[in-house]
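User: Could you take a close look at how one pair of helices packs together in this model, and then place that pair in its wider setting? I would like the geometry, the residues and the surroundings in one connected account.

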Amino acid sequence: MQATRGELSFYSIVEPELRELERRLKDVGRGGHPTFQEAVTHLFSSSGKLLRPTLVFLAARFGPGHDRQVILNLAESLELVHTASLVHDDIVDRADLRRNVPTVNATWSDDVALIIGDYLFAKAYALAAVLPKPEVIAIVAQTVFALCDGELEEVIADAGLPSEREYFERIELKTASLYAACCQGGAILADADPEHVAALGAFGTSLGLAFQITDDVLDLVGHEDEFGKTVGRDLAEGMATLPMIYAAEERPELAPRFVATQKAADEVRELLRAVRATDGVERARKRALALHDDATRALDGLPARVEREALLEIADFVVSRVR
Ligand code: FPP
Ligand code: MG
């Protein structure tokens, strides 16, 4: 079973903000097309981990500024960017399960999911547009560019296996950029010291990389009920990830089979067995753990407060499933 919010102490200090955020998210569809309202209910009734807004709230505690509604606007905006990008990504990946519920594309259709993602993204930008600091609005826009660059790179990549460097460039764009934006944006809005903003940004980047590698490991060795997504999806779609890149160093003949698209279920099962028999998964786990250590070191210069402890716990949580 996935841990619930109540069991994880890092959520507790920002619980009032998270409750308010959840209320706001459930309300996002208000006044919109009935199908948009239904999709919003569908998406936000099984709440995700809300890690990104939690990072915004915690980072904002490192500055003297305390405008709660402004911080909530950023947290909601970035959570909506994240949700919009997942709705679109599930079309691209032909995924039918996320957070243990059917995806928007599987429930309605690809066409509907495309427009629901657009709606969410427009809502996100409407919230960002009223933020009081232009540099934070720019961070939101830059993050969307980065997400698009990362996703596009993945979609148009040539048929071969990417190098380790190419993999890292891609996950920095598609995942780590958003984690960094949450940490930096929250701290800037709260008028935190520029050194602390930079430290939080570095923390977010390493945390995001560790998160994505962990996700890619779980796609190969996770249990579906805990993972909330179909295991083996990356292999099925020919999406090469770090454990596969390492596995192919050991067994180069697997590389073309990893990247072949739309595989049959038997082939996916066989490749899952093959990749699990190499050191690829273990090496990828170690990289995630090293990035966890980079993330925690980045916090050394921050004042020793309960919020810093909470960020350290988030780093542990992100990689706990690969320990
Ligand atoms: C999930 O990756 C996908 C992303 C983190 C980024 C997706 C970005 C876009 C679709 C472009 C941006 C679009 C908007 C509207 C802002 P994954 O497939 O590795 O993870 P998964 O297993 O959770 O699907
Ligand atoms: Mg995906």
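Analyst: In this predicted model, α5 and α7 pack with their axes 8 Å apart, at an angle of about 160 degrees. Because angles over 145 degrees count as roughly antiparallel, α5 is roughly antiparallel to α7. The crossing of the two helices is left-handed.

Let's walk through the residues. On the α5 side, the contact is made by N73, E76, S77, L80, V81, T83, A84, V87, H88, D90 and I91. Facing them from α7 are D110, A113, L114, I116, G117, L120, F121, K123, A124, L127 and A128. Sorted by class, the residues of this contact are 13 nonpolar, 5 polar and 4 charged.

The same α5 also takes you to the ligand. Which residues come nearest to ligand 1? They are A84, S85, H88, D89 and E151, out of the 17 residues around ligand 1. Two of these names, A84 and H88, are already familiar, since A84 and H88 of α5 also take part in the contact with α7. Four elements give two or more residues each to the shell: α5 (68-92), α7 (110-129), α8 (134-156) and α9 (164-189). Both partners of our pair are thus on that list, and α5 provides the largest share of the shell, with 5 residues. By class, the shell around ligand 1 has 7 nonpolar, 4 polar and 6 charged residues.

For comparison, here are two other packed pairs. Helix α10 (residues 194-221) and helix α16 (residues 280-298) have axes that come within 8 Å and cross at roughly 160 degrees. That makes α10 and α16 roughly antiparallel to each other, and α10 passes α16 in a left-handed crossing. Their contact has 16 nonpolar, 3 polar and 4 charged residues.

The other pair is helix α4 (residues 51-60) with helix α17 (residues 306-320), whose axes come within 10 Å and cross at roughly 155 degrees. These two are therefore also roughly antiparallel, with α4 passing α17 in a left-handed crossing. Here L51, T54 and L58 in α4 meet E307, A310, L311 and I314 in α17. By class, that contact has 5 nonpolar residues, 1 polar and 1 charged.

Finally, the chain as a whole. How many helices and strands does the chain have? There are 17 helices and 2 strands. The radius of gyration is 19 Å, close to the 20 Å that the globule rule gives for 323 residues, so the chain is as compact as a globular protein of that length. Taken along the principal axes, the C-alpha atoms fill a box of roughly 55 × 50 × 35 Å.

Note on methods: Residues are numbered from 1 along each chain as its sequence is written. Chains are lettered from A and ligands numbered from 1 in the order in which they are written. This is a predicted model: local features need pLDDT of at least 70, side-chain atom pairs count only at pLDDT 80 or more; totals for chains, interfaces and linings use all residues. A residue is near a molecule or strand if its C-beta atom, placed from the backbone, lies within 6 Å of it. Ala, Val, Leu, Ile, Met, Phe, Trp, Tyr, Cys and Pro count as nonpolar, Asp, Glu, Lys and Arg as charged, and the others, Gly among them, as polar. Axes are lines fitted to C-alpha atoms, for helices over the stretch in contact, and angles run from 0 to 180 degrees between N-to-C directions. Angles under 35 degrees count as roughly parallel, over 145 as roughly antiparallel, 65 to 115 as roughly perpendicular and the rest as oblique. A crossing is left-handed if the near helix is turned anticlockwise from the far one by less than a right angle, and right-handed if clockwise. Two residues are in contact if their C-beta atoms, placed from the backbone, lie within 7 Å. The radius of gyration is taken over C-alpha atoms; the globule rule is 2.2 Å times the number of residues to the power 0.38.
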